[in-house]
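Reader: I am new to this structure and would be grateful for a close look at a single part of it. Please describe the salt bridges, and then what may be set beside them.

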Amino acid sequence: MTEAVTKSVYQIVGAGICVEADDGKKVYDVICEFIKQKQPVVLSFLNVTMLTSAFLNTAIGLLYKDFSEEDIKKYLSVTDIDSTDKVLLKRVVDTAKIFYTDPERIKKSLKEILEESV
């Protein structure tokens with residue numbers, strides 16, 4: 001396998017604050033190109049000072065819609081992420097795996113929950 005290329009989230013986004021889904025899309029686009037080319041990529045969160053689930057859902061969660069879990073594990077790894085953000089990333093990944101396996105079931109459950117709260 002070819003050697004992994006390290007990509008900086010900070011450089012892709014242009015800031016250390018990663019909260020917007022639009023910025024997550026920039027990261028997603030970069031990762032997609034590497035996975036499509038079967039080229040390992042290491043995503044560095046060095047100098048990222050703020051991270052939200054909205055950003056991670058788009059940057060990483062969306063990958064589970066377009067690629068197999070096996071390919072994502074094989075070609076993507078992360079580094080320089082603090083422990084709190086690592087927990088957030090794990091939750092985003094777990095949710096994405098469930099959602100993209102059976103999106104209709106999730107949508108139905110959400111609809112039922114929202115209707116009960118009205």
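Author: The account below begins with the salt bridges and then turns to the largest pocket and the cysteines. The model is a predicted one, in which local features need pLDDT of at least 70 and side-chain atom pairs count only at pLDDT 80 or more, while totals for chains, interfaces and linings use all residues. Residues are numbered from 1 along each chain as its sequence is written, and side-chain values use heavy atoms, with hydrogens and water left out.

The structure contains six salt bridges, a salt bridge being a side-chain nitrogen of Lys or Arg within 4 Å of a carboxyl oxygen of Asp or Glu. Among them is a network that links Glu-69, Lys-73 and Lys-97. Within this network, Glu-69 pairs with Lys-73, their closest N and O atoms lying 3.4 Å apart. Both residues belong to helix α5 (residues 69-75), where they are four residues apart, about one turn of the helix. Helices (H or I, at least four residues) and strands (E, at least two) are DSSP runs, numbered from the N terminus. Glu-69 also meets Lys-97 in a salt bridge, at 3.0 Å from N to O. Because Glu-69 lies in helix α5 and Lys-97 in helix α6 (residues 83-101), this pair ties together parts that are 28 residues apart in sequence.

The members of the network can also be described by accessibility. Buried means under 20% relative accessible area, exposed over 50%, and partly exposed in between (1.4 Å probe, protein chains only). Glu-69 is partly exposed, at 32%. Lys-73, at 60%, counts as exposed, whereas Lys-97, at 24%, is partly exposed.

Another salt bridge joins the side chains of Lys-25 and Asp-29, at 2.6 Å from N to O. These two residues are separated by about one helical turn because they stand four residues apart in helix α2 (residues 21-36). Lys-25 is partly exposed, with a relative accessible area of 37%, and Asp-29 is partly exposed as well, at 35%.

Helices α5 and α6 appear again at the largest pocket. On a 1 Å grid over the protein atoms alone, a pocket is an open set of points where a 1.4 Å probe fits, with protein on both sides within 12 Å along at least five of seven lines; lining residues have an atom within 4 Å of a point. The largest pocket holds about 230 Å³ of space, its volume being the space filled by probe spheres set on the points, which are joined across faces, edges and corners. Its lining comprises 14 residues, and Ile-60, Tyr-64, Val-78, Leu-89 and Val-93 lie nearest the centre. At least two lining residues come from each of α5, β5 (76-79) and α6, and α6 gives the largest share, six residues. By class, seven of the lining residues are nonpolar, one is polar and six are charged. Here Ala, Val, Leu, Ile, Met, Phe, Trp, Tyr, Cys and Pro count as nonpolar, Asp, Glu, Lys and Arg as charged, and the others, Gly among them, as polar.

Finally, the structure has zero disulfides, a disulfide being a pair of cysteine sulfur atoms within 2.5 Å. The sulfur of Cys-18 has its closest cysteine sulfur in Cys-32, 17 Å away and therefore too far for a bond. Cys-18 is buried, at 0% relative accessibility, and Cys-32 is buried too, at 6%.
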